[in-house]
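Open your viewer, switch to a cartoon view, and keep the selection box handy. Could you walk me through this chain, telling me what to select at each stop and what is there?

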Amino acid sequence: MGYVAVKGGTQAIEESIKRLKYERLHKEQVLETGQIEGGMRGLIDQVMSESSLYDEKLAALAIKQAEGNPEEAVFLLRAYRSTLPRKYCSKIIETGEMKVERRISASFKDIPGGQILGATTDYTHRLLDFNLMKETEQTVKEWLSSYASGNIPFDELQQDLDLVLPKVLDYLRKEGLIPPLENNDAEPDDVTRESLEFPSSRSQRLQILTRGETGAVTSLAYAVIRGYGALHPTVGELRVGSLPINIEHPNEARSGEDEYYIGEIKATEAEMLMPFMTEKDKGRKELEFEIGYGLCFGQNETKAIAMGILDNCLEHPDSSFPSHNEEFVLLHIDSVESTGFISHLKMPHYVTFQSKLDSVRKTKAANAEEREEVQAYE
């Protein structure tokens with residue numbers, strides 16, 4: 001009730017779609033998908049993460065079609081993803097096998113293997129670089145040549161990209177400072193095939209978080225730290241790198257020797273440390289740590305950290321804070337769901353709005369009659 005079907009207006013809708021294409025093309029600039037893929041790494045990673053589809057070329061196409069609007073690009077890519085057959089499931093990915101490009105810890109300065117800064121904007125001045133307006137293919141080639149012949153030999157640099165390092169938190173577990181982690185071999189739920197129901201499983205929560213809109217996930221995690229939650233986290237380890245993907249032989253019996261390497265994906269992983277006080281014998285209190293976990297496609301560090309914060313929040317429901325309420329968090333961070341509902345307000349609501357107008361008219365008319373009666377009596 002309250003909605004009305006739209007009839008007619010077909011020509012107007014077709015003209016609207018033509019105008020949309022005109023707005024994309026009227027400056028007569030053809031943006032190639034290869035340029036988007038090569039120069040918009042952050043947006044590509046964000047769209048792939050929120051779409052649950054790792055394909056840089058398709059993400060670039062979606063961004064071009066959406067004219068750079070990430071919510072629209074995610075919508076397009078998810079719609080395409082839903083048409084794809086699912087032929088294989090990969091073997092369980094061990095993030096300890098990540099070929100690390102960047103790895104830092106805010107908890108420990110001297111971590112085994114060292115801190116690797118990698119590519120990051122953390123140490124830039126955030127000032128507009130007007131030289132980029134004069135950048136040409138020739139200047140790019142010259143810079144790349146200079147970079148390759150710099151202090152670090154290219155072969156050695158490439159070798160560093162294949163660096164596999166142990167987890168920082170594993171060292172804490174060996175010291176008994178955080179509880180041991182037991183493997184959970186239960187088959188994960190799939191939120192792309194089955195509707196989310198509450199209470200949710202942890203696999204569902206992590207999937208919704210990694211598909212969540214980056215800004216929404218970040219905002220809720222920020223709210224947690226500002227006091228609308230009960231956490232004050234520290235980054236135990238943040239790593240960015242490539243993860244190998246393997247599948248089993250599709251026809252032969254399962255065995256470890258029949259695995260096939262089919263490629264690798266770039267991912268960001270965050271393991272957050274959450275301190276809390278626990279009461280021991282005779283009222284004695286001790287400080288312990290819990291873990292919050294975040295993993296998403298591409299290099300998307302803020303989102304992975306925010307995921308880790310919200311993961312821990314949802315592991316410990318607390319009615320005092322909405323950020324610890326799984327229904328509040330999980331149903332509001334999905335860009336397609338939230339954008340779709342907000343956008344639906346543009347659809348015709350003629351019946352409901354006319355009903356409200358009639359109600360206002362009747363109320364005003366009744367009030368006017370009442371005032372006239374009072375004035376006549378006076």
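Here is a tour that starts in the core, moves through helix packing and the cysteines, and ends in the loops. Keep in mind that you are looking at a predicted model.

**Stop 1: the main core**

Begin by selecting Leu209, Ile309, Leu310, Val329 and Ile333, the residues with the most contacts inside the largest nonpolar core, which has 26 residues. Now colour the elements that give two or more residues to this core: α9 (202-211), α10 (214-228), β3 (234-247), β4 (260-279), α11 (301-315) and α12 (326-330). Which element gives the most to this core? It is α11, with seven residues. As background, nonpolar side chains in soluble globular proteins tend to be buried together.

Next, zoom in on leucine 209 and show its surroundings. Leaving aside residues up to four places away in sequence, leucine 209 touches Val217, Lys303, Met307, Leu310, Asp311, Val329, Leu330 and Ile333. Then zoom out, because the main core has a neighbour to look for: apart from it lies another core, of 15 residues, including Ala62, Ala66, Val74 and Val336.**Stop 2: α9 against α11**

Hide everything except α9 and α11. The axes of these two helices come within 10 Å and cross at roughly 150°. Angles over 145 degrees count as roughly antiparallel, so that is the description that fits α9 and α11. The crossing in which α9 passes α11 is right-handed.

To see the contact itself, show side chains on both helices. From α9, pick Arg202, Arg205, Leu206, Leu209, Thr210 and Arg211; they meet Lys303, Met307, Leu310, Asp311, Leu314 and Glu315 in α11.

**Stop 3: α10 against α11**

Keep α11 on screen and swap α9 for α10. How far apart are the axes of α10 and α11? They are 8 Å apart, and the two helices pack at an angle of about 55°. This makes α10 and α11 oblique to each other, and their crossing is left-handed.

For the side chains here, select Thr214, Val217, Thr218, Leu220, Ala221, Val224 and Ile225 in α10. Their partners in α11 are Thr302, Lys303, Ala306, Met307, Ile309, Leu310 and Cys313.

**Stop 4: the cysteines**

Select cysteine 296 and cysteine 313 and draw a distance between their sulfur atoms. How many disulfides does the model have? The count comes to zero. A disulfide calls for sulfur atoms within 2.5 Å, whereas the sulfur of cysteine 296 is 17 Å from the closest cysteine sulfur, that of cysteine 313, which is too far for a bond. Looking from the other end, cysteine 313 is in no disulfide either, with the sulfur of cysteine 296 as its nearest cysteine sulfur.

Are these two residues buried or exposed? Cysteine 296 is buried, at 2% relative accessibility. Cysteine 313 is buried as well, with a relative accessible area of 0%.

**Stop 5: a histidine between two strands**

Now go to histidine 249, in the loop between β3 and β4. Histidine 249 has a relative accessible area of 17%; the limit for buried is under 20%, so this residue counts as buried. Show Asp258 and Tyr260 too: histidine 249 touches both, not counting residues up to four places away in sequence.

**Stop 6: a lysine on α4**

Select lysine 57, which is found in helix α4 (residues 56-65). Lysine 57 is exposed, at 58% relative accessibility. Add glutamate 37 to the selection: the C-alpha atoms of these two residues are separated by 6.5 Å, although they are 20 residues apart along the chain.

**Stop 7: backbone details in the loops**

Turn on backbone sticks for the last stop. Select phenylalanine 198 and proline 199 and look at the peptide bond that joins them: it is cis, with omega near 0°. Proline 199 lies in the loop between α8 (168-174) and α9.

Next, select glutamate 28, in the loop between α1 (10-25) and α2 (33-39). What is unusual to check here is phi: glutamate 28 has a positive value of about 55° although it is not a glycine. Glutamate 28 is exposed, at 71% relative accessibility.

Finish at arginine 126, in the loop between β1 (99-104) and α6 (137-148). Arginine 126 also has a positive phi, of about 60°, although it is not a glycine. With a relative accessible area of 58%, arginine 126 counts as exposed.

Definitions and conventions: Residues numbered from 1 in each chain as written. Predicted model: local features only at pLDDT ≥ 70, side-chain atom pairs only at ≥ 80, totals over all residues. Heavy atoms only, no water. Core = buried A, V, L, I, M, F, W, Y, C linked by side-chain atoms within 4.5 Å. Buried < 20%, exposed > 50% of the residue type's maximum accessible area, 1.4 Å probe, protein only. Helix = DSSP H or I, 4+ residues; strand = E, 2+ residues; numbered from the N terminus. Contact = heavy atoms within 4.5 Å. Axes fitted to C-alpha atoms, helices over the stretch in contact; angles between N-to-C directions. Parallel < 35°, antiparallel > 145°, perpendicular 65-115°, else oblique. Left-handed = near helix turned anticlockwise from the far one by under 90°.
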